[in-house]
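This report looks at strand pairing, aromatic contacts and one loop residue, and it is meant to be read beside the coordinates.

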Amino acid sequence: MTSSLPAAVFFDAYGTLIHFPADPSPFDYMADAVRRAGVDLPRERLDAALHAEMRYFKAHFAGVRTAEDFQRLKLDDARVYVEELGDTGPVRLDVAHMAAELHEAFATRVLPDALPAIDVVHAAGVRTAVLSNYSYLLPLVLDGLGLADRLDPVVFSAAVGAEKPDRRIFEAAAAAVDADVSDCVLIGDDLENDVAGGRGCGMPVVWIARDGSPAPPGVAMARDLADAARMALAPGWQSLSLSRPGVSGTGA
């Protein structure tokens, strides 16, 4: 039987709790990093090298399981970047240094409203967890950001073998807290993966729309993550985004 509070509040990861920096962009950051290292190259070559680095990372990050794996990937990734830059004149770029610069260029940040939202759920005595489409890097990323001890369990697609909106990952998340999907709430920023996925399996969902986008009919929406967390704990949470369009369940 459903209780007065959910068994757990699950947060999506990327775009909800965490995000890559937007300013400066990774391309601007790395162009400046190479200049700071004493190398003057056309922007076209710099951007092409970063595109090559990104392709390499995308092709290999799924194999990362440990911190050691991640460190090796970062060094290999930097070698690809340096090699793609080609002739840098009298200055030879250090691979380890460029690995650190690349890591900073793409460093994941905790979004400003994430910790207040986590605190809201913790204060209610409800389990605070993650449900995300992500690789095995996710636990390492959360640990590096100081979030790992505050989020349990961390359920992610690479480990489950299914991605949102597939109902299997929602069911795996509920099973991880020994509950039914209808007894948990998901907060996420993606209308297809999070909202439609939750609706498809009966998990209540709050859509976080920080950019001011209007909520589709029947979608429970919040502008701030802490407000979304309060909605997930308020009376009526069982019907969030699951009620018929035009019926209560959309927040301001």
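Is phenylalanine 20 buried, partly exposed or exposed? In this predicted model, phenylalanine 20 has a relative accessible area of 35% and is therefore partly exposed, since that value lies between the 20% and 50% limits.

## Aromatic pairs

The count of aromatic pairs comes to 3. One of them joins tyrosine 14 to phenylalanine 20, with the ring centres 5.2 Å apart and an angle of 55° between the planes, an arrangement classed as tilted. Tyrosine 14, like its partner, is partly exposed, and its relative accessible area is 35%.

The pair made by phenylalanine 57 and phenylalanine 61 has its centres 5.8 Å apart, and because the planes meet at 5° it is classed as stacked. Both members are partly exposed: phenylalanine 57 has a relative accessibility of 25%, and for phenylalanine 61 the relative accessible area is 25%.

## Charges over rings

Two further rings have a charged side chain over them. The charged end of arginine 65 sits over the ring of tyrosine 136, at 3.7 Å from the ring centre, while lysine 74 lies over the face of phenylalanine 70, at 4.8 Å from the centre of that ring.

## Strand β1 and its partners

Strand β1, which spans residues 8-11, is covered on both faces: Ala8 and Phe10 lie on one side, Val9 and Phe11 lie on the other, and all of these residues are buried. This arrangement can be read against a general pattern, namely that in a regular strand the side chains alternate between the two faces of the sheet.

β1 pairs with strand β4 (residues 127-132) in the parallel sense, over 4 bridges, and also runs parallel to strand β6 (residues 184-188), to which 4 bridges join it. Valine 9 takes part on both sides, standing opposite threonine 128 in β4 and opposite valine 185 in β6. Phenylalanine 10, for its part, has leucine 186 of β6 as its bridge partner.

## Strand β6 and the crossover to β7

In β6, 5 of the 5 residues are buried. Cys184, Leu186 and Gly188 lie on one side of the strand, and Val185 and Ile187 lie on the other, so that both faces are covered.

Besides its pairing with β1, β6 pairs in the parallel sense with strand β7 (residues 205-208), over 3 bridges, and within this pairing isoleucine 187 stands opposite valine 206. Between the two strands the chain passes through helix α9 (residues 191-201), and the resulting β-α-β crossover is right-handed.

## Aspartate 224

Where does aspartate 224 lie with respect to β8 and α10? Aspartate 224 is placed in the loop between β8 (221-222) and α10 (225-233). With a relative accessibility of 28%, aspartate 224 counts as partly exposed, because this value falls between the 20% and 50% limits.

Once neighbours within four places in sequence are left aside, aspartate 224 is in contact with Asp113 and Ile208. Aspartate 113 is separated from aspartate 224 by 111 residues in sequence, yet the C-alpha to C-alpha distance of the two is 6.6 Å. A polar atom of the aspartate 224 side chain also lies 2.8 Å from the backbone nitrogen of alanine 226.

Conventions: Residues numbered from 1 in each chain as written. Predicted model: local features only at pLDDT ≥ 70, side-chain atom pairs only at ≥ 80, totals over all residues. Heavy atoms only, no water. Buried < 20%, exposed > 50% of the residue type's maximum accessible area, 1.4 Å probe, protein only. Pairing = 2+ DSSP bridges. Contact = heavy atoms within 4.5 Å. Polar contact = N/O pair within 3.5 Å; in protein donor to acceptor, adjacent residues only side chain to side chain. Phe/Tyr/Trp six-rings, centres within 6.5 Å; stacked < 30°, edge-to-face > 60°. Lys NZ or Arg CZ within 6 Å of the ring centre and 35° of its normal. Right-handed = clockwise from strand over helix to strand, strands pointing away.
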